[in-house]
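Work through the exercises below with the sequence and the model open side by side, and try each task before reading its solution.

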Amino acid sequence: MDSNGPEADVSGTGAGGRAKQGSLLSQYFPILEWGRTYNGTVLTNDLVAAVIVTIMLIPQSLAYALLAGLPPVVGLYASILPLVAYALFGTSRTLAVGPVAVVSLMTASAAGAVAAQDTALYLEAAITLAALSGIMLAVLGFLRMGFLANLLSHPVISGFITASGILIATSQLKHILGMTAGGDTWPEMLGGLASALGTVNPWTLAVGVPATLFLFWVRKGLKPSLIRLGLKPRAADIAAKVGPVVAVALTILMAIAFDLGDRGVNLVGAIPRGLPPFALPSTDLDLIGRLWVPALLISIIGFVESVSVAQTLAAKRRQRIAPNQELIGLGASNIASAFSGGYPVTGGFARSVVNFDAGAETPAAGAYTAVGIALASLFLTPLLFHLPVATLAATIIVAVLSLVDLDTPGQLWRYSKTDFAAHMVTIAVTLLAGVELGVISGVAVGLLLYLWRASRPHAAIVGRVPESEHFRNVDRHKVFTVPHVLSIRIDESLTYLNARWLEEYVLEEVADRSEVRHVILMCSAVNEIDASGLESLEAINHRLADAGIGLHLSEVKGPVMDRLNRTRFVEELNGKVFLSQNRAFRELAANGGPPEAPTADMARGMI
């Protein structure tokens, strides 16, 4: 027997089987794909990017842990193993995973609902959130359910992020002013700040306000200044991203020089030195029961944010990502964060853009960044003892205010009132009732508005454009019609949501036109007809037949017609099924009376 024949690889263990196995492994371990072409040049680019992102990530990690209500070192822990896990399982070449502002706020909200800050239970809740989020993401990835993220429309996501940015910035003002104030909702936060104005610490204010102004200037003005001084745009942009490190260094020196700790300025204090400890999420079913909904929301929000960033950056290099594998990659990152004492993580926009601009070519840049953060945890944490908390708060405020989008409401109002409603409801509920209810209400309103629109689809009476075979809306164009033929274009699939509406619409239009002898349903936009839609078509057919009016279909798509042919509808149809609207109109316009009902074979031949 020829060893190259068909029987040579029956067992699947030959070259074909190995290729298939290799492809499957590469699907779940993308590192096997890009690792084949890894070389010295790519290594150099990844290392340069890693150094730059590490410098940026250290103050960010500390700040976002503060936002989550956790010890600053937890932010460092969440920036080590999760990056390594994503390098193994993620598909984006430039996505930078770690703590982010919105997820940190959601973590604080969820953990704060079960325990007080600075308690062991609070930290345990944050770790458990990371584990639950990781498991959920991984399971969704293995089940290939990335499409669930589509439940969050752009207006809902935009509204949630805008409201979250406002909440986060407001929550950090107490650290800038050096006062004690609480509150979970925006009114509560504002009330707390107003009642504590008499306790403002001038020394903290002297650190926080200049640090905030400096970071705003770094974000907006440093890059143009460096370019004017002759620095290349890319180098100037990267240098501007290092601004938070400069702010950290300067304020540490101020704290030491002016002994700010003794003047009432809140300092970070001692940060445990060393690598992340091994941690175990809680197995308490009561705690898990209280955290699984917030964990699901964190998972979906984090996934949507991460995939949006990854797809944007991949498109710039004509690369692609696999959303379902991204679920697995982010799931692995969160599980790694949980078992190393961290809290929920996802892909961050600012860090990913810096990683991209710095020249990162593979996810290995994230693994190298993890090494840099690990070294910082080992050797640099003593230097952060005198870091004012106000500096971290300034870093957060400057970062999150860029998320606040004040242009979108006006744009949505002009374009779509229903999307504007979903956007504003999400903002209002998030500000007034908290982040979890904000997301849930946004999704609920978006779905309700979608169902409302789907239940009242657009349909139009159409006529033929003169000297053409095109048919357009009679209310928008000068078209040719004849009194005894009514052509209706249906611009939506026919489902249980709109079937009754279609029946009423057609019969009302016919009732207003006593001369009509033929009704043509132009189905070019109909992708599906479910059982309820079919029942309505049958009812329309019988009602029109009783009135001596023929019902015809035109431009029915092949898959839709295949399903209709499996029913008795085609046999009972008292008109015809036409391949084109023009052919239907031409034939029926010349015929004043209803045609003979076609046989099923005739109807199939017209498709």
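Two exercises follow, one on a helix and one on nonpolar cores, and both rest on a predicted model.

**Exercise 1.** Determine which residues of helix H22 are buried, and where they lie around the helix.

*Solution.* Begin with the extent of the helix: H22 covers residues 531-546, and its 16 residues reach 23 Å from the first C-alpha to the last, close to the 22 Å expected at 1.5 Å a residue. Next, with buried taken as under 20% relative accessible area, the buried residues of H22 are Gly533, Leu534, Ser536, Leu537, Ile540, Asn541 and Leu544. Viewed down the axis of H22, these buried residues fall within an arc of 160°, so they line one face of the helix. The face turned away from that buried side carries Ala531, Glu535 and Asp546, which are exposed. Then ask what covers the buried residues: the cover includes helices H21, H23 and H24 together with strands E6 and E7. Finally, inspect the ends, where Asp530 caps the N-terminal end through a side-chain oxygen 3.1 Å from the backbone nitrogen of Ser532, while Gly548, just after H22, takes a positive phi of about 75°.

**Exercise 2.** Identify the helix that gives the most to the largest nonpolar core, and trace the contacts of Ile301.

*Solution.* The largest nonpolar core has 88 residues, and those with the most contacts inside it include Leu62, Met106 and Ile301. Helix H13 (residues 285-316) gives the most to this core, with 13 residues. Leaving aside neighbours within four places in sequence, Ile301 is in contact with Val102, Met106, Leu152, Ile157, Phe160 and Val439. A second, separate core of 33 residues includes Leu534 and Ile540, both of which are among the buried residues of H22.

Methods
Residues numbered from 1 in each chain as written. Predicted model: local features only at pLDDT ≥ 70, side-chain atom pairs only at ≥ 80, totals over all residues. Heavy atoms only, no water. Helix = DSSP H or I, 4+ residues; strand = E, 2+ residues; numbered from the N terminus. Expected span 1.5 Å × (residues − 1). Buried < 20%, exposed > 50% of the residue type's maximum accessible area, 1.4 Å probe, protein only. Arc of directions from axis to C-beta. Contact = heavy atoms within 4.5 Å. Polar contact = N/O pair within 3.5 Å; in protein donor to acceptor, adjacent residues only side chain to side chain. Core = buried A, V, L, I, M, F, W, Y, C linked by side-chain atoms within 4.5 Å.
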